[in-house]
Amino acid sequence: MTSTIGLHSNTSANRSVAISRETGALHEKEERGYLLILDERAIDRECLASALLDHEIGMAIVAMRSIEEWRFKKRSASPLVAILFNLGGQKVTDNRVADKIKRISSEFKSVPVVILADTEDLAQILAALECGARGYIPTSVGIDVCVEAVNLAAAGGIFVPASSVLSIRHLINPGSRDAQPLTDMFTLRQAEVAEALRRGKANKIIAYELNLRESTVKVHIRNIMRKLKATNRTEVAYKVNDLFAEGNLAEERNQQEEGSP
């Protein structure tokens with residue numbers, strides 16, 4: 001499996017967004033093209049579309065209940081650059097869901113289909129890729145990661161969660177779990193923040209869980225990025241997964257607590 005995680009951001013300086021109840025679409029003055037969101041749940045797809053635009057995904061967005069509805073209501077002359085299929089709690093291993101992904105991927109061969117789902121189970125991710133998807137985003141990650149994943153797929157890459165890449169590597173080479181401890185590179189607090197970034201948590205959540213100020217979390221993130229020579233949060237997550245085996249942080253914390261007077 002190919003895994004490429006990076007940031008491809010194209011933002012518009014003068015963005016004008018209008019919401020149409022008749023078509024269920026969000027239109028943005030953007031030459032790049034548009035993203036089609038497929039989700040059977042109206043509130044979920046509208047909230048997702050608004051969140052992606054607020055985070056400057058860099059393309060117009062159309063949100064529809066199904067591909068059939070999109071065909072019926074399609075009015076945009078702009079090119080379709082990506083499809084984000086939100087499964088929610090549905091499983092890719094469900095034959096009905098798998099058939100939908102295969103059908104859409106087959107029909108839109110030049111347009112990447114990215115799956116958004118509640119589970120990050122490795123079997124579900126592999127099944128999605130086998131069905132023709134060009135990316136898989138678990139809802140456990142933040143909206144910034146979602147933006148990066150869609151842009152990466154639109155640019156020709158394939159996005160899978162960094163934690164899944166690590167799992168695959170461990171299946172191939174179980175000895176890879178003998179990894180460099182987190183605290184060899186970071187302070188214990190930086191290691192905790194790095195682990196939270198690996199899990200796609202937002203700064204506010206990290207601050208709450210670690211009992212820190214959000215400004216302090218941002219300082220830790222800047223220092224982590226500098227040490228890893230990373231340019232964005234997703235790259236941090238990828239490099240943390242690449243360097244350190246899962247579970248090392250909890251083990252190290254326990255060892256430090258046991259060794260403290």
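A residue counts as buried when its relative accessible area is under 20%. With that cut-off in hand, we can tour this predicted model, one close-up at a time.

**Figure 1. Helix α7, a largely enclosed helix.** Let us start with the helix that spans residues 188-198. Nine of the eleven residues of α7 are buried, so the rest of the structure largely encloses this helix. Which residues of α7 are buried? They are Gln 190, Ala 191, Glu 192, Val 193, Ala 194, Glu 195, Ala 196, Leu 197 and Arg 198. Look just after α7 as well: Gly 200 has a positive phi of about 75 degrees there.

**Figure 2. Where α7 meets α9.** The axes of α7 and α9 come within 10 Å, crossing at roughly 85 degrees. Angles of 65 to 115 degrees count as roughly perpendicular, and that makes α7 roughly perpendicular to α9. On the α7 side you can find Arg 189, Gln 190, Val 193, Ala 194 and Leu 197, which meet His 220, Ile 221, Asn 223, Ile 224 and Lys 227 of α9. Sorted by class, this contact of α7 with α9 holds five nonpolar, three polar and two charged residues.

**Figure 3. Helices α8 and α9, another crossing pair.** Here helix α8 (residues 203-210) and helix α9 (residues 214-228) have axes that come within 9 Å and cross at roughly 105 degrees. The two helices are therefore roughly perpendicular to each other. Which residues make the contact? From α8 come Asn 203, Lys 204, Ile 206 and Ala 207, while α9 supplies Glu 214, Val 217, Lys 218 and Ile 221. By class, the contact of α8 with α9 has four nonpolar, one polar and three charged residues. Now find Asn 211 in the loop between α8 and α9. Asn 211 has a phi near 60 degrees, a positive value in a residue other than glycine. Is Asn 211 buried or exposed? With a relative accessibility of 70%, Asn 211 counts as exposed.

**Figure 4. Strands β3 and β4 with helix α1.** Strand β3 (residues 34-38) pairs with β4 in the parallel sense, over five bridges. To pick out one partnership, look at Leu 36, whose bridge partner in β4 is Val 62. Helix α1 (residues 42-54) joins the picture too, as β3, α1 and β4 make a right-handed β-α-β unit. Next, trace the loop between α1 and β4 to find Glu 56. The phi of Glu 56 is near 55 degrees, which is positive in a residue other than glycine. At 38% relative accessibility, Glu 56 counts as partly exposed.

**Figure 5. Strand β4, buried along its length.** Five of the five residues of β4 (residues 60-64) are buried, so this strand is largely enclosed by the rest of the structure. Which way do the residues point from β4? Ala 60, Val 62 and Met 64 point one way, Ile 61 and Ala 63 point the other way, and all are buried.

**Figure 6. Strand β5 between its partners β3 and β6.** In strand β5 (residues 80-88), nine of the nine residues are buried, so the strand is largely enclosed by the rest of the structure. How many bridges join β3 to β5? There are five, and the strands run parallel. Tyr 34 has Leu 80 as its bridge partner in β5. Five bridges also join β5 to strand β6 (residues 113-117), and these strands run parallel. Here Leu 84 has Val 114 as its bridge partner in β6. Add helix α3 (residues 95-107) to the view, and you have β5, α3 and β6 making a right-handed β-α-β unit.

**Figure 7. Asp 144 and Leu 52, two residues from separate parts of the sequence.** Asp 144 lies in helix α5 (residues 143-154). Asp 144 is partly exposed, with a relative accessible area of 36%. Along the chain, Asp 144 and Leu 52 are 92 residues apart, but a separation of 8.3 Å is found between their C-alpha atoms.

**Figure 8. The whole chain, for orientation.** Stepping back, the chain has eleven helices and seven strands. Of its 261 residues, 46% count as buried. Among contacts between residues at least 6 apart in sequence, 69% join residues at least 24 apart.

Definitions and conventions:
Residues are numbered from 1 along each chain as its sequence is written. This is a predicted model: local features need pLDDT of at least 70, side-chain atom pairs count only at pLDDT 80 or more; totals for chains, interfaces and linings use all residues. Side-chain values use heavy atoms; hydrogens and water are left out. Buried means under 20% relative accessible area, exposed over 50%, partly exposed in between (1.4 Å probe, protein chains only). Helices (H or I, at least four residues) and strands (E, at least two) are DSSP runs, numbered from the N terminus. Two strands pair if DSSP finds at least two bridges between them. A crossover is right-handed if, with the strands pointing away from the viewer, the path from the first strand over the helix to the second runs clockwise. Axes are lines fitted to C-alpha atoms, for helices over the stretch in contact, and angles run from 0 to 180 degrees between N-to-C directions. Angles under 35 degrees count as roughly parallel, over 145 as roughly antiparallel, 65 to 115 as roughly perpendicular and the rest as oblique. Contact means heavy atoms within 4.5 Å. Ala, Val, Leu, Ile, Met, Phe, Trp, Tyr, Cys and Pro count as nonpolar, Asp, Glu, Lys and Arg as charged, and the others, Gly among them, as polar.
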